[in-house]
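Visitor: I should like to learn how to read a model of this kind, feature by feature. May we begin with a single residue and work outward?

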Amino acid sequence: PGLHRQHGKQGGGSKGIYAKLTVVVVVLLICTFSVFFLATISGNRGSLEPSEINVEELWESAKSGGWRPSSAPRSDWPPPPKETNGYLRVRCNGGLNQQRSAICNAVLAARIMNATLVLPELDANSFWHDDSGFQGIYDVEHFIQTLKYDVRIVESIPEIHKNGKTKKIKAHQIRPPRDAPISWYTTVALKKMKEHGAIYLTPFSHRLAEEIDNAEYQRLRCRVNYHALRFKPNIMRLSESIVDKLRAQGHFMSIHLRFEMDMLAFAGCFDIFSPEEQSILKKYRKENFAEKRLVYNERRAIGKCPLTPEEVGLVLRAVGFDNSTRIYLAAGELFGGERFMKPFRDLFPRLENHSSVDSSEELVANTRGLLGSAVDYMVCLLSDIFMPTYDGPSNFANNLLGHRLYYGFRTTIRPDRKGLAPIFIDRENGQTAGFEQAVRRVMLKTNFGGPHKRVPPESFYTNSWPECFCQMSPSKPADKCPPDNVLEILESQLENEVNRDLEASMETNSTRRTEI
């Protein structure tokens, strides 16, 4: 019996030990899961805190990663020969920035075909109904001089004098296919040019493929866009005057507030407007765009609607900007007027445009139509931060994003409309808790202006990295910066070409005299 009791005690002791071990294991598991859970929450909370988007850093340029802009040739790039295959005329349709892309394509097309480019025509029947023309917007002499190593450019097709008679070359008109490959220019277009002496490509918007597997051709586009296309001195002077006045009080941000009738009609975003306003938008869409089934809720959910002015203000507040931020608005006439602007103005009262910054007669007289768009473009280019509210089919925003990237990775704020849509919809339905944190979470995933891979549908004109950038210490030979004396090399090549032409001309004249 005694043995039995002793055995019983030992059994009870074993059960006690097992029970204690079980408790210890459970406690350890609870602690482990608690630590893991807290770490996860802490990590997520950290990614949502406003301190992770440092507003002070946004006022500076984005980190370059050792890259710098460079569009100079990096391989053999012979100058244009004296004898070309003919003359190329183009009519660039659309607004200022659609025309700008077309001019870049025209220069490249002339290079591809070994053609003499006639100064591009800017469509007088564009959105702005402005007939300023190339000479009224851009510095013609600078354009021709900058591209002298690339193509021959004339202001008009010269007349031919032969046997005492004067003959005009009539350019053969062709409608090029949209996004035509290089092969179309070297076959169809070139054949007609050789037959007629000149061709006239019209319309010329998006008529050359953007993605070309030739880095030197892409760099030529950058030379045109960011070096050769310089606005006339009066536009540059007005733009710099506005920037100086804005910056006299510190940093300033520019916003392309694309809340205008044409874009709203194009996007099919009608439901937030009154019945009368919806009627106007639908009429404009029917007259200007192809018929298409458009449902507002569906369009908004996939990020196809421009942000409203209030939504722009809410994004900026969530990112960390306060009501002392000075904002320059680049926009036409806002559809819906003050009803939509008031909530934005309440959040950010320091709103400016070119008229409010400088109301002088010179400014008023020179900021209409294409000239006004050019001034807005330069102010946005030179601003500390640029924010497009609709960078889908907006040529203004897309070109500026690319130009600011090339200009030194200047900060851009690009709202992810698709990512923000459900957050704004929840807010409208009364779910306001965690709104700013949710907005910051989306914005933290966006690019703020640094070098990044171009992914379709992003345009080459929006992001010319890496073709138009280089590194001093690259990991790939193709990314190595060209020599510092690259312009001297190109100038020497051009002089040699001129000398060869001169020698050939003298030899021809000498032969003729001998025959006489």
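Guide: Let us begin with Asn399, bearing in mind that the model is predicted. Setting aside residues up to four places away in sequence, Asn399 touches Asn97, Arg100, Ser101, Tyr377 and Tyr461.

Visitor: In which element does Asn399 lie, and is Asn399 buried or exposed?

Guide: Asn399 belongs to helix 17. Burial is judged by relative accessible area, with under 20% counting as buried. Asn399 has a value of 2%, and is therefore buried.

Visitor: What separates the C-alpha atoms of Asn399 and Thr462?

Guide: Here one sets distance in space beside distance along the chain. Asn399 and Thr462 are 63 residues apart along the chain, yet 5.5 Å separates their C-alpha atoms. For the protein as a whole, one considers contacts between residues at least 6 apart in sequence, and 79% of these join residues at least 24 apart.

Visitor: How does one read the packing of helix 3 and helix 17?

Guide: One takes the angle and the separation of the axes, and then the residues that meet. Helix 3, residues 96-113, packs against helix 17, residues 395-406, at an angle of about 55°, and their axes are 7 Å apart. Helix 3 is therefore oblique to helix 17. Their crossing is left-handed. From helix 3, Asn97, Gln98, Arg100 and Ser101 take part, meeting Asn395, Phe396, Asn399 and His403 of helix 17. By residue class, this contact of helix 3 with helix 17 holds one nonpolar, six polar and one charged.

Visitor: At what angle do helix 3 and helix 6 pack, and into which classes do the residues of their contact divide?

Guide: The same reading applies. Helix 6 spans residues 182-196, and packs with helix 3 at an angle of about 70°, the axes being 10 Å apart. An angle of 65 to 115 degrees counts as roughly perpendicular, and helix 3 and helix 6 are therefore roughly perpendicular to each other. Ala109, Ile112 and Met113 of helix 3 meet Ile182, Tyr185, Thr186, Ala189, Leu190 and Met193 of helix 6. The residues of this contact divide into eight nonpolar, one polar and no charged.

Visitor: Turning to the backbone, which residues does a cis peptide bond join?

Guide: The torsion omega is the value to inspect. A cis peptide bond joins Thr202 and Pro203, with omega about -5°. Pro203 is placed in the loop between strand 9 (198-201) and helix 7 (215-228). A cis peptide bond also joins Pro456 and Pro457, where omega is about 10°. The loop holding Pro457 runs between helix 19 (435-443) and strand 14 (469-471).

Visitor: Which residues other than glycine have a positive phi?

Guide: For this feature, one reads phi together with the residue type. Asp179 is one such residue, with phi near 55°. Asp179 sits in the loop between strand 8 (172-174) and helix 6, and its relative accessibility of 40% makes it partly exposed. His206 is another, its phi being about 60°. The loop between strand 9 and helix 7 contains His206, which is partly exposed at a relative accessible area of 24%.

Visitor: How many helices and strands does the protein have, and what part of its residues count as buried?

Guide: For the overall view, one turns to totals. The protein has 20 helices and 14 strands. Of its 516 residues, 48% count as buried. The exposed area of the protein is about 26900 Å², of which carbon and sulfur atoms supply 53%.

Conventions:
Residues are numbered from 1 along each chain as its sequence is written. This is a predicted model: local features need pLDDT of at least 70, side-chain atom pairs count only at pLDDT 80 or more; totals for chains, interfaces and linings use all residues. Side-chain values use heavy atoms; hydrogens and water are left out. Helices (H or I, at least four residues) and strands (E, at least two) are DSSP runs, numbered from the N terminus. Buried means under 20% relative accessible area, exposed over 50%, partly exposed in between (1.4 Å probe, protein chains only). Contact means heavy atoms within 4.5 Å. Accessible areas come from the Shrake-Rupley method with a 1.4 Å probe; for residues, only the protein chains shown count as cover. Axes are lines fitted to C-alpha atoms, for helices over the stretch in contact, and angles run from 0 to 180 degrees between N-to-C directions. Angles under 35 degrees count as roughly parallel, over 145 as roughly antiparallel, 65 to 115 as roughly perpendicular and the rest as oblique. A crossing is left-handed if the near helix is turned anticlockwise from the far one by less than a right angle, and right-handed if clockwise. Ala, Val, Leu, Ile, Met, Phe, Trp, Tyr, Cys and Pro count as nonpolar, Asp, Glu, Lys and Arg as charged, and the others, Gly among them, as polar.
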